[in-house]
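Biologist: Could you take one part of this model and walk me through it closely? I would like a connected account of how that part is put together and what surrounds it.

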Amino acid sequence: GAPTARDLALQLLDGVLSDTQRAPEADLPDTGVPRPFERALSSVLVAAPEARYGTVVQTVLLVDRKGHMTFAERPVGPDGNPSGPVRFHEAPFGEAPWTSRSPAVAAVARALGSRTTRALVAMAVVATALGFVLRRRGAASA
């Protein structure tokens with residue numbers, strides 16, 4: 001049969017969101033950070049334990065055409081490997097009581113509130129950016 005939303009979320013978590021391939025040197029931007037760190041930042045899954053920086057959580061948010069939301073998240077350790085189980089939350093679009101437990105989910109749910117977004121959506125970039133912010137806050141407070 002057709003894959004379920006959970007199946008698709010797992011495929012995204014294990015596939016594109018776990019990609020550690022780094023960009024070739026010639027393709028790296030010049031953002032002002034040291035070159036080795038720039039190289040580490042070029043992969044989808046960032047693991048730079050020497051810099052205490054990297055992806056903290058992988059997140060997938062799927063919204064089907066009927067408005068049903070499936071949210072999956074998996075913690076990632078400093079070495080870039082999963083450090084816990086995948087947690088799933090499911091709810092009708094706009095009726096997600098579990099959002100109050102996760103500020104990131106609440107923000108994404110609000111951002112996706114328009115009818116134009118009621119298609120299948122995978123929000124990997126949001127999770128990656130949030131992971132960078134959380135990891136940096138942890139390093140700054142240490």
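Modeller: Happy to! One term is needed before we start: a polar contact is a pair of N or O atoms within 3.5 Å, and within protein one of the two must be able to donate a hydrogen and the other to accept it. Please keep in mind as well that this is a predicted model.

Let's set the scene. The protein has 4 helices and 5 strands, and from the N terminus on its elements run α-α-β-β-β-β-β-α-α. Of its 142 residues, 35% are buried. Among contacts with a separation of 6 or more, 49% join residues 24 or more positions apart. The protein exposes about 8300 Å², with carbon and sulfur atoms supplying 57% of that area.

The part I would pick is the open sheet of 3 strands, which has the order 3-4-5 and antiparallel pairing. Its edges are strand 3 (57-63) and strand 5 (87-92), each of which pairs on one side only. On average, neighbouring strands of this sheet are turned by 10° against each other, direction ignored.

Now for the pairings themselves. Strand 3 and strand 4 pair in the antiparallel sense over 7 bridges, and V60 stands opposite A72 of strand 4. These two strands form a hairpin with 4 residues between them, and in the turn G67 has a positive phi of about 90°. On the other side, strand 4 (residues 68-75) pairs with strand 5, again in the antiparallel sense, over 6 bridges. There, T70 has E90 in strand 5 as its bridge partner. Strand 4 is mostly covered, with 6 of its 8 residues buried.

What lies across this sheet? Helix 1 (residues 5-14) lies across strand 3, strand 4 and strand 5, and it runs at about 145° to strand 3. Helix and sheet also meet in the largest nonpolar core, whose 7 residues are A9, L12, L13, L17, V60, L62 and A72. Two elements, helix 1 and strand 3, give two or more residues to this core, and helix 1 gives the most, with 3 residues. Apart from it lies another core, of 5 residues, including F37, A40, V46 and A48.

A72 is a good residue to stop at. Not counting residues up to four places away in sequence, A72 touches A9, L13, Q58, T59, V60, V86, R87 and F88. Two of the residues on that list, A9 and L13, belong to the largest nonpolar core along with A72 itself.

Another residue on the list, Q58, brings us back to the definition I began with. Q58 lies in strand 3. Is Q58 buried or exposed? Buried means under 20% relative accessible area, and Q58 has a relative accessible area of 4%, so this residue counts as buried. A polar atom of the Q58 side chain lies 2.8 Å from the backbone oxygen of L17, and that distance is within the 3.5 Å limit for a polar contact. L17 is itself one of the residues of the largest nonpolar core. Q58 therefore joins two threads of this tour: it is a buried residue, and its side chain has a polar partner in the backbone of L17.

Methods: Residues are numbered from 1 along each chain as its sequence is written. This is a predicted model: local features need pLDDT of at least 70, side-chain atom pairs count only at pLDDT 80 or more; totals for chains, interfaces and linings use all residues. Side-chain values use heavy atoms; hydrogens and water are left out. Two strands pair if DSSP finds at least two bridges between them. Axes are lines fitted to C-alpha atoms, for helices over the stretch in contact, and angles run from 0 to 180 degrees between N-to-C directions. Contact means heavy atoms within 4.5 Å. Buried means under 20% relative accessible area, exposed over 50%, partly exposed in between (1.4 Å probe, protein chains only). Accessible areas come from the Shrake-Rupley method with a 1.4 Å probe; for residues, only the protein chains shown count as cover. A nonpolar core is a set of buried Ala, Val, Leu, Ile, Met, Phe, Trp, Tyr and Cys residues joined through side-chain atoms within 4.5 Å.
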